[in-house]
Structures are given as structure tokens and as C-alpha cells.
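User: I'm new to this and I'd like a close look at one part of this protein: the aromatic rings. Could you walk me through how they pair up and what sits around them?

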Amino acid sequence: MEIPYLNRLAQHSSWTRVYTSKRSQPHHIARVFFCQAKNDRSLKLVPPTLLAAEKEEAKAVLTLFLKKQGLSNAVAARTINKSDVFVNHLVSKIHSKHKSRYLVGRELTTLEIRDALIPYLESLFEEYGDILMDFVENYPNPPVKEKPRAPISIPSSLVESKKTKAMSQVSEIDRAGKLRPHIVYLLEFGMKIEQIKSITRRFPSFAYYSLEGKIKPVVEFLLELGVPKEDIPIILTKRPQLCGISLSENLKPTMKFLETFGVDKQQWAKVIYRFPALLTYSKQKVKTSVDFLYEIGLSEENIGKILTRFPNIISYNVEDKLRPTANYFRSLGVDVGILLFRCPQNFGLSIEANLKPVTDFFLESGYTVQEVGTMISRYGSLYTFSLADNLIPKWEFFLTMDYPKPELVKFPQFFGYSLEERIKPRYARMKECGVKLLLNQLLSLSSSDFEEALKKKMKKMQLDRDSS
């Protein structure tokens, strides 16, 4: 005979580790869940102990999110205490996203709960901004966006006060005349007091991180990955939040998740140095970006190479940045998959401020849209150069070089060479010899090969003269 579903759940071993102190639960929790069950018959009854545990997890995620928006611990805690209905709403969000997990009696991990809630909270913040607290506390009755409550303006001063207090902790001396242990530890890695204060001003919680509980385990983990000791200050300056993230529950699982998309596990030291924030993104954020890379035709192997070589690509919003940029380059006839693989930095540029001005410059210089597309396809870095400091000065010199304009379509790499140290000296040397090389020969050859090419040209020219 088949065992009833609820009994099977009760026998599941994962129950034994779920917040055993929460055995006696308020009746309203069960009532909230029954309402959810009525609205969605595919979702079966979740045990009260598990439901309470999930509620605590939801509170933790919400608290962390509010603190990241600049709220103090006290303000965030007060908001949570007034937001029981909203917290229950978050739990129902978790259930809706992970129906299949409950159907087989499996418990969600902390990471899965976080990944289910953070994108939703971010969308609420985008919609409600400074009155998000009103929304949370008064859910399900939405606040009037045009009339935020007076206390909403308070957090800015609270944040500034928190920053000032945190920065004072950095240089605080104890009775023995010593700095705090984690400050001493960081100084030993080559960080300066002012550098630590700068980090603390941006991220006040950093001043209160314990040495043994947070900072040291993360630093030692980075060293084990092969990060050079001198790079530790740079990484912590870029992303001090790394020290506030659990190694076992967040950092390591996130790394394993990224490795499934091809990130080279042997290159983690370089990846983290390039973009330490990569390890702080949610799985959903990473997956959304990777899905887009597949969408534009990149192979699994090439996606792994991009994530390893240029992990910053994950920070670009798909709908606001990646997709519009891809569409723009498509309008020039460019294979965006190949372009993104060769030079992903292009996709972080502003279309209006960076891309269009460069396109317009070449069009006004007499090139067609097709030729501009060919140039960027052949030299992906072309659009990353400054118009005023790079493209225009080199273009103006090019016009004096007696080369036809189509030569730049064949060799747009011209714009990647130094005007003063490469282009002008090489061109002067060629003119001195009285010969003419192709533009790519003029610039791409090594010094010895360049001289050899000049000798051959001069010898050929002499032979031609003798024969005539």
C-alpha cells in the first residue's frame, strides 16, 4: 500500500536538521499555508517545522537586502518586525518557484531560497525605490508612490552616521595600544589605513567583520586558489563584501555553479582578481546572462572562455545593455557572437555616448555602413578607443600617409598602434628608404622583419631600375 504523502515527508531524513527549536508554531503560519494550498492544488502541505524554517530564511534574506540598501541593523529589524504578512508572501514566492522540490519531499538550500527571493526584491526596489519600506510594512496594501512617509528620508543621515562610526573603528586603539586584530591582519598584507577607511566608507560593515570568523577564512581561501599575496588588498578593495559571504554556503557553491558554464577552475585566481564581484551574484543573474550568450550563438566552450577571460560580462544587464548593444552591432552587419567573443568590452559601452559617435565618425569620413561593419568585425577593439585621444589624431595622420582609404578597411588594427612610438617613426623610416609597404607590413612586423622588408623592397626597386 502506498504511504500517504504527508507520512512520506515525515520520514524524510532532511526533516531532522530543520530548526528543531521551532516545534511549536503559531496557528497563523499553518493558515497562511493552507490558503496557498487552496490557490494552488499542485503544491502539497509543507510541515510546520519546515515552514517556520523557511520563514526565518526569508527574514534573513530580506534583512540583508534592506541593509544593502543602506538601512542600519536597527531600522532593518524594525521593518522586519512590522512585516509578518510580507514575509509570509516571500515564503509563498519560494513555494511557487520550487513546486517540484516539495512534490518529492526535498528541502531547499539557503542558496536556493536566496536565489528565489533576491531577484524579486530587486524588482520591487526598482519599482518602489525609497518607499520600499512602506511597501514591505503595509503589504498587501501598496503605498502611494508620490507621497512617501517622512521617515523615509532619514536613512541617508543614518547611513552617514554609520559610515563615520565605522571609519573611526578602523584606527581605534585598545588599552594595550593596539589596533583591532583584523586591521593589523590587513596591514600585514600591505593595505594602508587610509585604504581600509576608504573601503569602510563604501561598505561600513567591513569595519565590524571578525578576523577569525570572516576575513581570515576568505583570505586564506583566496591564497589557496593561487591568488598572490600582493593581490589580496586589490581584491578586497574592489569587493569587500566577499568577506561577509559564507565560504561553504555561498562562495564555493557559486564557484562550482560557474564551473558548470565552463569557467576554468585552474584560472580562479585570475578570474577573481579581474572581477571579484562575480562571486557575489545570484545564480539567476548568472544564468540569465549565460542564456543570452547561448542565444547569440556562442558555444559552451566559448562561453566558458569569455567568463574566464572577461567575467565582468555577468555584470551587464541583459535587457538594458547586452541585447540593445547586440542589436546595434547587428545593424552594422556584424556577427555579434564572434564580436562578443573577441572583445566583450564593447558590450559594456554606451550606445549613445560611445558606439554611435564612432560609427558617425567613420561614416562622415567617407566609409559605408558595410565597411564600418567590416572594420569592427576584423578589429573588435576599434570601438573601445577614444575618439578625441585616439581615432581622430590617427585618422588625421593617416590622411598624410599616401594610402587609399580602403586600406583601413583591410587593416583597421592601424588604430591600435601608438601614433608617436610606432606609426610616425615607421612611416618616416619607410619614406627615408623611398619605398612603400602595405599598411599592415608597415606596422605589424617586428623591428628586424620591418628592416628586412624594407631591404627587399629597395633591392627589388633597384633591380627594376636596372632592368629598365
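Analyst: Let's go straight to the ring pairs. In this predicted model, the count comes to 23 aromatic pairs. Take phenylalanine 206 and tyrosine 209 as one example: their ring centres are 5.9 Å apart, and with 75 degrees between the planes the pair is edge-to-face. Both phenylalanine 206 and tyrosine 209 are buried.

Now try another pair, phenylalanine 329 with phenylalanine 347. Here the centres are 5.9 Å apart and the planes sit at 50 degrees, so this one is called tilted. Where do phenylalanine 329 and phenylalanine 347 lie? Phenylalanine 329 belongs to helix H18 (residues 318-330), while phenylalanine 347 is in the loop between helix H19 (336-342) and helix H20 (351-364), so the pair ties together parts that are 18 residues apart in sequence. As for burial, phenylalanine 329 is buried, and phenylalanine 347 is too.

Rings can also link up into a group. Ring pairs join Phe361, Phe362, Tyr367, Trp395, Phe398, Phe414 and Phe415 into a cluster. Let's pick Tyr367 out of that cluster and look at a neighbour, valine 409. Which residues does valine 409 touch, leaving aside those up to four places away in sequence? The answer is Tyr367, Glu371, Thr374, Met375 and Arg378. Along the chain, valine 409 and tyrosine 367 are 42 residues apart, yet their C-alpha atoms are 8.8 Å apart in space. Valine 409 itself is found in helix H23 (residues 406-410). Is valine 409 buried or exposed? Its relative accessible area is 10%, and the cut-off for buried is under 20%, so valine 409 counts as buried.

Some rings have a charge for company, too. Lysine 93 lies over the face of tyrosine 120, at 4.5 Å from the ring centre. Over at phenylalanine 385, the charged end of lysine 394 sits above the ring, 5.8 Å from its centre.

One last stop, away from the rings: the cysteines. How many disulfides does a search of the whole structure find? It finds zero. Cysteine 343 has 4% relative accessibility, so it counts as buried. Cysteine 433 is buried as well, with a relative accessible area of 13%.

Methods: Residues numbered from 1 in each chain as written. Predicted model: local features only at pLDDT ≥ 70, side-chain atom pairs only at ≥ 80, totals over all residues. Heavy atoms only, no water. Disulfide = S-S within 2.5 Å. Buried < 20%, exposed > 50% of the residue type's maximum accessible area, 1.4 Å probe, protein only. Helix = DSSP H or I, 4+ residues; strand = E, 2+ residues; numbered from the N terminus. Contact = heavy atoms within 4.5 Å. Phe/Tyr/Trp six-rings, centres within 6.5 Å; stacked < 30°, edge-to-face > 60°. Lys NZ or Arg CZ within 6 Å of the ring centre and 35° of its normal.
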